[in-house]
Amino acid sequence: KWKIGMVTQFAEDEKLRERLRESLTEQIKAVEPDVVFAHSLGTLFTYDLFLHPPQNRIIRDRYFITCGCQIGRSALRSLFGGRLETVAAREWYNLYNQNDDVLVVPFTIYANNFQTIETTFELAGMGDHDAVEYIRHGNAQSKVWREIAGLPRPRVLAQQSADAKAKPKRVTVTEDVGEKQVTASVATRT
């Protein structure tokens, strides 16, 4: 179970951070994932790994997704040289919930491969820190998972007419499809 003391222990113990970098490197090499997903305390572990040579190269050509991210905390920035910078990922998406109150603060990294995706949700009780809620949020699905899957962005199906006040007219089209006749009807202003 997560405890605030874990963040303190991570921040104060360089040997622990070294062991975590070694362990994470071994796991990433063994699995060869396309996406490295980190939540909460895991965002500290992975960010620390991806900043340290030579392990920092392991994120190249991979997507890095963080949520419930704690690296923006001013008290933790000293671990990262006092400032935040991007990592060598193909793309880094930070899913951010403004209601997440588990050491999460907004941050910006000015780099072409970094994006913050708003994934605001509210759960009953305290926290609003659930990784599943971040993952299944509509913005995560449409802006992150679609891109990773290589799917095109949805296109707008209708455009507003130049004369939006014009009375709509009904257009009906009938087509023979095999043994059936299909009729489609639509209201349009053009």
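Which helix holds both Arg-136 and Glu-133, and how many residues apart are they? I will begin with that pair, and I should say at once that what we are looking at is a predicted model. Both residues lie in helix α4, which covers residues 131-136, and they sit three residues apart, about one turn of the helix. Their side chains form a salt bridge, in which the closest N and O atoms are 2.5 Å apart. Glu-133 has a relative accessible area of 18%, and because buried means under 20%, this residue counts as buried.

Let me stay with charged pairs for a moment. As general background, side chains of opposite charge can pair when their charged atoms come close. In this model the count comes to six salt bridges. One of them joins Asp-48 to Arg-21, with 2.6 Å between the closest N and O atoms. Here the two partners belong to distant parts of the chain, since Asp-48 is in helix α3 and Arg-21 is in helix α2, 27 residues apart. Asp-48 is buried, and Arg-21 is buried as well.

A further salt bridge brings together the side chains of Glu-85 and Arg-83, at 2.5 Å from N to O. Glu-85 has a relative accessibility of 35%, so it counts as partly exposed, whereas Glu-133, which I described a moment ago, is buried. To return to Arg-21 and Asp-48, they belong to one network with Glu-14 and Arg-17, joined by salt bridges that share partners.

Now to the aromatic residues. A pair of aromatic rings is described by the distance of the centres and the angle of the planes. Over the whole structure, the search finds 10 aromatic pairs. In one of these, Phe-50 and Phe-64 meet edge-to-face, with 4.9 Å from centre to centre and 90° between the planes. This pair also links distant parts of the chain, with Phe-50 in helix α3 and Phe-64 in strand β2, residues 63-67, 14 residues away. Phe-50 and Phe-64 are both buried.

Phe-64 has another partner in Trp-92, and there the ring centres are 5.2 Å apart and the planes lie at 40°, so the pair is described as tilted. Again the contact runs between distant parts of the chain, from Phe-64 in strand β2 to Trp-92 in strand β3, residues 91-96, with their positions 28 residues apart in the numbering. Trp-92 is buried, as is Phe-64. If you would like to find the wider group on the screen, one aromatic cluster is formed by Tyr-47, Phe-50, Phe-64, Phe-80, Trp-92, Phe-107 and Phe-114.

Which elements give two or more residues to the lining of the largest pocket? The lining is made up of Leu-24, Gln-27, Ile-28, Pro-33, Val-35, Val-36, Phe-37, Ala-38, Gly-42, Phe-45 and Thr-46. The elements that contribute at least two of them are α2 (14-31), β1 (35-39) and α3 (41-51). Strand β1 supplies the largest share, which is four residues. By residue type, the lining divides into eight nonpolar and three polar residues, with no charged ones. The space in this largest pocket is about 160 Å³.

I will turn next to the backbone, beginning with the loops. Ser-40 is in the loop between β1 and α3, and it has a positive phi of about 60° although it is not a glycine. With a relative accessibility of 6%, Ser-40 counts as buried. Asp-61, in the loop between α3 and β2, is likewise a residue other than glycine with a positive phi, in this case near 65°. Its relative accessibility is 68%, so Asp-61 counts as exposed.

The loop between α3 and β2 also holds Pro-54. The peptide bond that leads from Pro-53 to Pro-54 is cis, and its omega is near -5°.

Finally, there is helix α5, residues 138-149, where 12 residues reach 15 Å from the first C-alpha to the last, close to the 16 Å expected at 1.5 Å a residue. Just after α5 comes Gly-150, which takes a positive phi of about 80°.

Key: Residues are numbered from 1 along each chain as its sequence is written. This is a predicted model: local features need pLDDT of at least 70, side-chain atom pairs count only at pLDDT 80 or more; totals for chains, interfaces and linings use all residues. Side-chain values use heavy atoms; hydrogens and water are left out. On a 1 Å grid over the protein atoms alone, a cavity is a set of points where a 1.4 Å probe fits but cannot get out, and a pocket is an open set with protein on both sides within 12 Å along at least five of seven lines; lining residues have an atom within 4 Å of a point. Grid points are joined across faces, edges and corners, and a volume is the space filled by probe spheres set on the points. Ala, Val, Leu, Ile, Met, Phe, Trp, Tyr, Cys and Pro count as nonpolar, Asp, Glu, Lys and Arg as charged, and the others, Gly among them, as polar. The expected span of a helix is 1.5 Å times one less than its number of residues. A salt bridge is a side-chain nitrogen of Lys or Arg within 4 Å of a carboxyl oxygen of Asp or Glu. Buried means under 20% relative accessible area, exposed over 50%, partly exposed in between (1.4 Å probe, protein chains only). Rings of Phe, Tyr and Trp (its six-membered ring) pair if their centres lie within 6.5 Å; planes under 30 degrees apart count as stacked, over 60 as edge-to-face and the rest as tilted.
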